[in-house]
Amino acid sequence: MKIETKRLLLRPFTTADGEDLYSYLSDPEVVRFEPYDVFTKADAEKEAARRAGDPNFFAVVLKETGHVIGNLYFAPSEYEKYEFSYVFSRAYWKNGYATEAADALLRDAFAQKKLHRVEAYCHPDNVNSWHLLERLGFKREAHLRRDIWFRKDEAGAPIWQDTYIYGLLEEDLGK
């Protein structure tokens, strides 16, 4: 499935996307709130191949250059719901690309699929991320305290963190 906007193309990943994936997943600031650490070139090549076989990942391609500048994740879950997330190259932050890509995917999904609800999860300190969700029409529905951990401290103890839960119904989409 491909979706085209004024500046972007959303398409499945290919095995040739490893270099572009590396360009942003190797940036500590980009993966700061992700459940994984920075990628090596080899990691990115393997991940591009894996994502090429995963229909839940969309490469966000800048039409002007043909480069992958980010990705969207959109996966079905129970009760006609979908989980939604995104990661973008820091070089393209604050240019409206994430909003443009996410809005196009969400509108297409509500129009083409039988879904009731989309959920997204966000670290409270990731202000840019929850601002994006709110621009898209998502509503903050919960603040879970110390509910998840991705890393451990020097002693091997989990580093617990909070999570915001956002929900989007079709009528919440911005006009």
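This is a short dialogue on reading the features of a predicted model.

User: Where do I start? How are the strands of the sheet ordered?

Analyst: First the general idea. Strands of a sheet pair through backbone hydrogen bonds, either parallel or antiparallel. Now this case. Eight strands form an open sheet with mixed pairing. Their order is β1-β2-β3-β4-β5-β6-β8-β7.

User: Which strands stand at the edges?

Analyst: β1 (3–4) and β7 (139–152) do. Each has a single partner strand, so one side of each is left without a neighbour in the sheet.

User: In what sense do β1 and β2 pair?

Analyst: They pair in the antiparallel sense, over two bridges. Look at isoleucine 3: leucine 10 in β2 stands opposite this residue.

User: And how do β5 and β6 run?

Analyst: β5 and β6 run parallel, joined by three bridges. Find glutamate 83 and follow its bridge into β6: the partner is glutamate 119.

User: How many residues of β6 are buried?

Analyst: Five of the six, so β6 is largely enclosed by the rest of the structure.

User: Which helix should I look at next to the sheet?

Analyst: Try α3. This helix packs on the sheet and touches β1, β2, β3, β4, β5, β6 and β8. The direction of α3 makes about 30° with that of β4.

User: How do I check the span of α3?

Analyst: Use 1.5 Å a residue: the 16 residues of α3 should span 22 Å. The end C-alpha atoms of α3 are 22 Å apart, which agrees.

User: Which residues of α3 are buried?

Analyst: They are Tyr97, Ala98, Glu100, Ala101, Ala102, Ala104, Leu105, Leu106, Ala109 and Phe110.

User: What about a nonpolar core? How many residues has the largest one?

Analyst: The general idea comes first. In soluble globular proteins, nonpolar side chains tend to be buried together. Here the largest nonpolar core has 35 residues. Those with the most contacts inside this core are Leu72, Phe74, Phe84, Phe88, Leu106, Val118 and Phe138. The elements giving two or more residues are β2 (8–11), β3 (57–62), β4 (68–77), β5 (81–88), α3 (97–112), β6 (117–122), α4 (127–136) and β8 (158–168). α3 gives the most, with nine residues.

User: What does phenylalanine 74 touch?

Analyst: Leave out residues up to four places away in sequence. Then phenylalanine 74 touches Asn56, Phe58, Tyr82, Glu83, Phe84, Leu105, Leu106, Ala109, Lys113 and Val118. There is also a second, separate core of 14 residues. Tyr24, Phe39, Val61 and Val68 are among them.

User: Now α4. Where around the axis are its buried residues?

Analyst: Start with the geometry. An α-helix has 3.6 residues a turn, so residues three or four places apart point the same way. In α4 the buried residues are Ser129, Trp130, Leu132, Leu133 and Leu136. They cover an arc of only 150° around the axis, which puts them on the same side of α4.

User: What covers the buried residues of α4?

Analyst: The cover includes β5, α3, β6, β7 and β8.

User: How do I read phi?

Analyst: Most residues other than glycine have a negative phi, and most peptide bonds are trans. So look for positive values. Just after α4, glycine 137 has a positive phi of about 105°.

User: Which residues other than glycine have a positive phi?

Analyst: Take two cases. Glutamate 80 is not a glycine, yet has a positive phi of about 55°. Glutamate 80 sits in the loop between β4 and β5 and is partly exposed, at 38% relative accessibility. Arginine 146 has a positive phi near 40°. Arginine 146 belongs to strand β7 and is exposed, with a relative accessible area of 59%.

User: Is aspartate 17 buried or exposed?

Analyst: Use the cut-off: buried means under 20% relative accessible area. Aspartate 17 has 4%, so this residue is buried. Its place is in the loop between β2 and α1. Beyond residues up to four places away in sequence, aspartate 17 touches Arg11, Pro12, Ala48, Ala59 and Val68.

User: And what is glutamate 19 in contact with?

Analyst: Glutamate 19 is in helix α1 (residues 18–25). Its relative accessible area is 43%, which makes glutamate 19 partly exposed. Neighbours within four places in sequence aside, glutamate 19 is in contact with Lys41 and Glu45.

Technical notes. Residues are numbered from 1 along each chain as its sequence is written. This is a predicted model: local features need pLDDT of at least 70, side-chain atom pairs count only at pLDDT 80 or more; totals for chains, interfaces and linings use all residues. Side-chain values use heavy atoms; hydrogens and water are left out. A nonpolar core is a set of buried Ala, Val, Leu, Ile, Met, Phe, Trp, Tyr and Cys residues joined through side-chain atoms within 4.5 Å. Buried means under 20% relative accessible area, exposed over 50%, partly exposed in between (1.4 Å probe, protein chains only). Helices (H or I, at least four residues) and strands (E, at least two) are DSSP runs, numbered from the N terminus. Contact means heavy atoms within 4.5 Å. Two strands pair if DSSP finds at least two bridges between them. Axes are lines fitted to C-alpha atoms, for helices over the stretch in contact, and angles run from 0 to 180 degrees between N-to-C directions. The arc is that of the directions from the helix axis to the C-beta atoms. The expected span of a helix is 1.5 Å times one less than its number of residues.
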